[in-house]
Amino acid sequence: MIEKTIHIAGVGEVLLVKSKRAKRVNIKIAPLKGVRVTVPHRVTFANAEKLVLEKKSWLMKHIPNMQKLEGKLTLFTPDTQFTTFSHELVFVVDASSELRAKADQTKLTIIYPPDTDFASIETQDFIRHCIVETYRREAKVFLPGRVRELATLHQFKFRSVHVKNAKTRWGSCSYDNKINLNLHLMRLPAHLRDYVILHELCHTQVKNHSQDFWDLMDKVSGNGRGLDKELDQWQIEVF
């Protein structure tokens, strides 16, 4: 991977990364990862930097939001008490081991050498990746069965259930009634997880957010718009 780091006053470090698949310059801001710019191979770093400078005011507007999200993220250390849906996070120091992880039915164990820097982005990214993969395994076990239960209870029909790691949606329903659910649903309280599932099941009958849709949501959930507003308090990938 070819990459270059530049510094922009008022923005900070910006990582430029060449990509064979990219069709245009793409700028992203993410907690802990900062500003990352994907650059097509046909575009020079110099031209990409000019584009980033043109977007400086946009970046300076959005960076405070990223920093606010960073303040909500857990800093994982050996003292952190954290559980996923069905796993406890455990830290074990091992002088003979590199940073690695293992999981069984009830525990996600992070094995680390004594000199591990838990403040580093690399270490936090590794731990978060392990947690997300744990949520993914839990979701694949739990969510399809819960969809079947709620569909049977409320007489909905659907074609299939797929677990995704979507960045912006908790769930979706295709026109042929294939349901996609975000693995981060496993972080939600049970009533909000059921709300998202019911939301997508309602879309098997009503393909929009018309009054008919919300009437159906109220019928199966009790308070569709109220639950939707409560869900807004949760953010995907912020834990």
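**Salt bridges, a helix pair and a sheet**

Colleague: Which residue does arginine 146 form a salt bridge with, and how far apart are the closest N and O atoms?

Modeller: Arginine 146 forms one with aspartate 194, and the closest N and O atoms are 2.6 Å apart. The pair links distant parts of the chain, with arginine 146 in helix α3 and aspartate 194 in helix α4 (residues 190-202), 48 residues apart. By salt bridge I mean a side-chain nitrogen of Lys or Arg within 4 Å of a carboxyl oxygen of Asp or Glu. Helices (H or I, at least four residues) and strands (E, at least two) are DSSP runs, numbered from the N terminus.

Colleague: Anything I should know before I trust the numbers?

Modeller: This is a predicted model, so local features need pLDDT of at least 70 and side-chain atom pairs count only at pLDDT 80 or more, while totals for chains, interfaces and linings use all residues. Residues are numbered from 1 along each chain as its sequence is written, and side-chain values use heavy atoms, with hydrogens and water left out.

Colleague: OK. Is aspartate 194 buried or exposed?

Modeller: Buried, with a relative accessible area of 16%. Arginine 146 is partly exposed at 22%. The cut-offs are under 20% relative accessible area for buried, over 50% for exposed, and partly exposed in between (1.4 Å probe, protein chains only).

Colleague: Which residues are linked with Arg146 in a network of salt bridges?

Modeller: Glu149 and Asp194. The side chains of arginine 146 and glutamate 149 meet at 2.7 Å, N to O. They sit 3 residues apart in helix α3 (residues 121-154), so about one helical turn separates them. Glutamate 149 is partly exposed, at 47% relative accessibility.

Colleague: How many salt bridges does the structure hold?

Modeller: It holds 6. One of them joins the side chains of arginine 159 and aspartate 176, at 3.3 Å, N to O. Arginine 159 is in the loop between α3 and β8 (160-164), and aspartate 176 is in the loop between β9 (171-173) and β10 (178-182), so this pair ties together parts that are 17 residues apart in sequence. Arginine 159 is exposed at 57%, whereas aspartate 176 is partly exposed at 33%.

Colleague: Since we're in that β9 to β10 loop, what is phi of asparagine 177?

Modeller: Near 65°, a positive value in a residue other than glycine. Asparagine 177 lies in that loop between β9 and β10 and is buried, with a relative accessible area of 17%.

Colleague: Back to α4. At what angle do the axes of α4 and helix α6 cross?

Modeller: Roughly 115°, and the axes of α4 and α6 (residues 224-231) come within 10 Å. Axes here are lines fitted to C-alpha atoms, for helices over the stretch in contact, with angles from 0 to 180 degrees between N-to-C directions. Contact means heavy atoms within 4.5 Å.

Colleague: Which residues meet there?

Modeller: From α4, His191, Leu192, Tyr195 and Val196; from α6, Gly224, Leu227, Asp228, Glu230 and Leu231. The contact residues divide into 5 nonpolar, 2 polar and 2 charged. In that split, Ala, Val, Leu, Ile, Met, Phe, Trp, Tyr, Cys and Pro count as nonpolar, Asp, Glu, Lys and Arg as charged, and the others, Gly among them, as polar.

Colleague: New topic, the sheet. What is the order of the strands in the open sheet of 4?

Modeller: The order is β1-β2-β4-β3, with mixed pairing. β1 and β3 (26-30) are the edge strands, each pairing on one side only. Neighbouring strands are turned by 25° against each other on average, direction ignored. Helix α1 (residues 45-54) packs on the sheet, touching β1, β2, β3 and β4, and its direction makes about 35° with that of β1. Helix α2 (residues 56-72) packs on the sheet too, touching β1, β3 and β4, at about 30° to the direction of β3.

Colleague: In which sense do β1 and β2 pair?

Modeller: Strand β1 (residues 3-8) and β2 are antiparallel, over 6 bridges. Two strands pair if DSSP finds at least two bridges between them. Isoleucine 6 stands opposite valine 14 in β2. Their hairpin has 3 residues between the strands, and glycine 10 takes a positive phi near 85° there.

Colleague: And β2 with β4: parallel or antiparallel?

Modeller: Parallel, over 6 bridges, with β4 covering residues 34-40. Valine 17 has threonine 38 in β4 as its bridge partner, and serine 19 stands opposite proline 40.

Colleague: How many residues of β2 are buried?

Modeller: 6 of its 8, so strand β2 (residues 12-19) is mostly covered.
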